[in-house]
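Thanks for making the time, everyone. I would like to walk you through the salt bridges in this structure, taking a few pairs one after another.

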Amino acid sequence: MTTGTEAPPSPTIARKIINKLTSTGANKETPQATLISLHDGKTDMSAPTGTATRAHTKNGVFVGSIDQGTSSTRFMVFNENGDIAFQYQTEFEQIYPAAGWCEHDPVVIMDTVHLCMNEVAKLMKAEGFALTDIKAVGITNQRETTVVWDKTTGKPLHNAIVWLDGRTKDTVAQLVEKSPTKTSTYLQEKCGLPFSTYFSGVKLRWLLDNVKAVQDAHNDGRLAFGTVDSWLIYNLTGGVNGGRHVSDVTNASRTMFMNIHTLKWDTEILDFFGVKQSLLPEIVSSAEHYGNIVGGPLAGIPLAGCLGDQQAAVVGQRCFNPGEAKNTYGTGAFMLFNTGPKAVISTHGLLTTVAFKLGKDVAPVYALEGSVAIAGAAIKWLRDNLGMIKEASEINTLAGSVDTTAGVYFVPAFSGLFAPHWRDDARGCIVGLTQYTKKEHIARATLEAVCFQTKEVLDAMNADAGTDLALLKVDGGMTASDLGMQIQADLLGIAVERPQMRETTALGAALAAGLTVGVWKDLDHFTTAIAPDVFEPKIEAKDRDERYASWKKAVERSLNWV
């Protein structure tokens, strides 16, 4: 881990750290890396690793974006038009200490960030650009994933507990029992969230109850807590040697500790959880100067924007107006519906969250959110656990070779079900199998599972909003599948709109940083004349309703397993 003014690790050292197994007996996945230079805003994943395309000009103004996700880290550089100029991406290991548990090594996370920035810096220099052409860097990150470290040493006290980790089921039950209402929604009017294994505050409570090093640091006043954005900003601005301990308001809204209305840490909630406020980061806006990068080739460049990954996609998709919605398909799937300046508390199983706050003195914009735990992760499961495919993209060929699932339904509730069910007793199941079933049917059922879960969220969103959404904007890795997006339109019964530039999460963080330092003057700059791809539903309503009814039966089969 890099702290203070130490130089970031070299790529060789970082790769050694990335490939190191950090938890005895834990399973891990093999990381991979991709280096790309692009100047037309379109990712050519067939480009050879380490090669570059000559830029159109030697004079450029750029904004960088650190995109720290659940399974990979990347650094992207955008030009003034919001097009991708350079990027480097690397996967990192997933640590599974027990069934339903998932951890990341915070040191590895930090080193992958440095690795990606170092590689892009080398590529820019090779093409004749000065690194000072990068005017600011934004951060977007996997949300809810919980990091704890020692303030006096700057070192982690435990592996990060990942957002989809399900170990806190008993902690959730204890918190529900402790509440006066004996319900999971006891704090929802204040923080916008129910008690769930999903959120950071519950993960911190588990760490305090089960890890002595964390308990001791809490008692001694040495404990620092944060989501991944806090960990990154702390280290990038100096770590133990003066690094800032902050969290942007979108990430803070995922902890359960922040009052969704005041945007401040709530003392009553902290007392309920038994957590000291001194260990929490300072809450800041999504677009302001947090400090300059310390050490490495990008030293001195301002860190000036920060949003949780799903909120960053809202900005990147330009969902700036109330009533607009987007769905991001990554490890999970996350639909956010802009509700404007008002925090709307859901009555249909959705979450209330801050969508963005683009400046210290700018009013926040809120959203309703439906979170699906397993989306792209189901495809990775077919690849890594079952060996059904060698590359994630192969699922499209398999699924497209059959017209239906032949009655097969796959509910990927590996660690429970999130919105709108909020059932931590659910587990994954595949139902409707016959001797006729082939791997092609299971592949198609996997794509349909993501789309059915999205429909459940959309139905809840329509109920909360009191009006039906007519169009859904989409982004994320799975949207590269035309088949998947057509299935999504068919099952929703509305148009699905996919932008030509699909890296909207990283773009959102870059836009926030660029606004802060004046690369862009206002949100009006970000309109695009490039026509999106639009998928219209092609099946009859009767077919859609029958398949959805069968999906609901499959979901029922997944419940009450633990």
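Let me begin with Arg205 and Asp209, whose side chains meet in a salt bridge with 2.7 Å from N to O, and please keep in mind as we go that what you see is a predicted model. Both residues belong to helix α5, which covers residues 200-210, and because they are 4 residues apart in that helix, about one helical turn separates them. As for the surroundings of the two partners, Arg205 has a relative accessibility of 17% and therefore counts as buried, while Asp209, at 38%, counts as partly exposed. Salt bridges can also share partners, and in this model such sharing joins Arg143, Glu144, Arg254, Asp309 and Glu369 into one network.

Now to another pair, Lys190 and Glu268, which form a salt bridge whose closest N and O atoms are 2.8 Å apart. Which parts of the chain does this pair tie together? Lys190 lies in helix α4, residues 188-191, and Glu268 lies in helix α9, residues 267-273, so the contact links parts that are 78 residues apart in sequence. Lys190 counts as partly exposed, with a relative accessibility of 26%, whereas Glu268, at 56%, counts as exposed.

One further example is the salt bridge in which the side chains of Lys182 and Glu177 meet, with 3.4 Å from N to O; here Lys182 has a relative accessibility of 45%, and so counts as partly exposed.

To place these pairs in context, the count for the model comes to 26 salt bridges, including the three pairs I have described.

Conventions. Residues are numbered from 1 along each chain as its sequence is written. This is a predicted model: local features need pLDDT of at least 70, side-chain atom pairs count only at pLDDT 80 or more; totals for chains, interfaces and linings use all residues. Side-chain values use heavy atoms; hydrogens and water are left out. A salt bridge is a side-chain nitrogen of Lys or Arg within 4 Å of a carboxyl oxygen of Asp or Glu. Buried means under 20% relative accessible area, exposed over 50%, partly exposed in between (1.4 Å probe, protein chains only). Helices (H or I, at least four residues) and strands (E, at least two) are DSSP runs, numbered from the N terminus.
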